[in-house]
Amino acid sequence: MKEQLAALKEEAQQAIAACTDEAGLYPIKVTYLGKKGSVTKLGKKMGSLSPEERKEAGMAINEVKKALETALAERAVAIENERYLALADTEWLDVTRPGTTRRQGHLHPLSRIQYELEDIFTSMGFIVLDGPEVETDFFNFEALNIPKDHPARDMQDTFWTEDGNLLRTQTSPVQIRGMKSLTPPFRVIAPGRVFRYEDVDASHEHTFHQMEGLMVGEDISTAHLVYFLRVALSTIFKQEIEVRLRPGYFPFVEPGYELDFRCLICGGEGCPVCKHTGWIEFLGCGLVHPNVLQAGGVDPETYSGFAFGMGLERLAMMRYGINDIRHFQSGDLRFVRQFVGGEQ
């Protein structure tokens, strides 16, 4: 039996030493030390031995089992170490080197302004509406009291599609869609991108963003309009702003007004942004024309309303001290990165 044990031990140790995978050690253990393993089977033959031989054989079998268990454990550790050494050669890195800083994304300044305005107006009971950028002639002009022969169309010369639709020149069509889907009283704002065939300069772009507001109910007056605009302006600029309200003509409101505020870039001294007047033409506003209410399915004999529209680029320019509207769509990341982490 001693010769058989010695042979099994040597055979098992050679198999263990040749194993290169930790998972391969388990079959070896089962082959030699399992319930039906070679060493275990040999131990079952001790019943045919004399007491003295049985004692000696039992000690020998235990020594072989311990030796093989130790060899299996040591080989498992060696295989793991070899794996780590291989990783060190192929995936080595210097943990003492400075880490790579990943640039975090952040909101564009126009998005900051839009979301802040949305928060301001929704806190005052307004809801946010959206609409298509490609509009029909009806929603973009006809329903806004701008018939086909109206000179205001020349002022908003725009981009037409081959099927007779156009890229919207303002977000006012969303107001019409809102009136058709809502029941007075209601308050809505409509932020979005608009398009006009403009000569591009420091204060004009062919593609820009607006936010329009509409409130419809009983006995709505200019006083309501002024109140909501004052609250919005004082909140967005976080300071007192000098404003002026002057008469202005817009086909969709009557009476109509233009709200200007003192240029925050030059402090009223005059600069390209304010066309050297010291004032920024901020927004047009007024009481909704009865024809527009009718086009939206609202009875002008029962309800009235006010409307306003503001350019988000001009507001952002005043907020952040930007002196050229063309920066917003320049694609220059140096401009956008100025606003990472908060207001600049």
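**Salt bridges and cysteines in a predicted model**

Glu82 and Arg75 come together through their side chains in a salt bridge, with N and O 3.3 Å apart. The structure is a predicted model, so everything below is read from computed coordinates. The two partners sit in rather unlike surroundings: Glu82 is partly exposed, at a relative accessible area of 40%, whereas Arg75 has a relative accessibility of 14% and counts as buried. That pair belongs to a total of 14 salt bridges.

Another of these contacts involves Glu133 and Arg193, whose closest N and O atoms lie 3.0 Å from each other. Here the salt bridge links distant parts of the chain, since 60 residues separate the partners. Glu133 is found in the loop between β1 (127–128) and β2 (134–135), while Arg193 is part of strand β4, which covers residues 186–195. Glu133 counts as partly exposed, with 27% relative accessibility, and Arg193 is partly exposed too, with a relative accessible area of 35%.

Next come Arg246 and Asp260, which meet side chain to side chain in a salt bridge with an N to O distance of 2.5 Å. Arg246 lies in strand β6 (residues 243–247) and Asp260 in strand β7 (residues 253–262), so this pair ties together parts of the chain that are 14 residues apart in sequence. Arg246 is partly exposed at 24% relative accessibility, but Asp260 is buried, with a relative accessibility of 0%. This pair doesn't stand alone, either: salt bridges with shared partners connect Arg246 and Asp260 with Arg244, Glu258 and Glu281 in one network.

What about the cysteines? A disulfide is a covalent bond between the sulfur atoms of two cysteines. Searching the whole structure turns up 0 disulfides. Cys266 shows how a pair can miss out: the closest cysteine sulfur to its own belongs to Cys263 and is 3.6 Å away, which is too far for a bond, because the two sulfur atoms would have to be within 2.5 Å. Cys266 is buried, with a relative accessible area of 17%. Cys19 also counts as buried, at 9% relative accessibility, because the cut-off for that label is under 20%.

Put together, the model has 14 salt bridges and 0 disulfides. Among the salt bridges, Glu133 and Arg193 join distant parts of the chain, and Arg246 and Asp260 take part in a network that also includes Glu281.

Note on methods: Residues are numbered from 1 along each chain as its sequence is written. This is a predicted model: local features need pLDDT of at least 70, side-chain atom pairs count only at pLDDT 80 or more; totals for chains, interfaces and linings use all residues. Side-chain values use heavy atoms; hydrogens and water are left out. Buried means under 20% relative accessible area, exposed over 50%, partly exposed in between (1.4 Å probe, protein chains only). A salt bridge is a side-chain nitrogen of Lys or Arg within 4 Å of a carboxyl oxygen of Asp or Glu. Helices (H or I, at least four residues) and strands (E, at least two) are DSSP runs, numbered from the N terminus.
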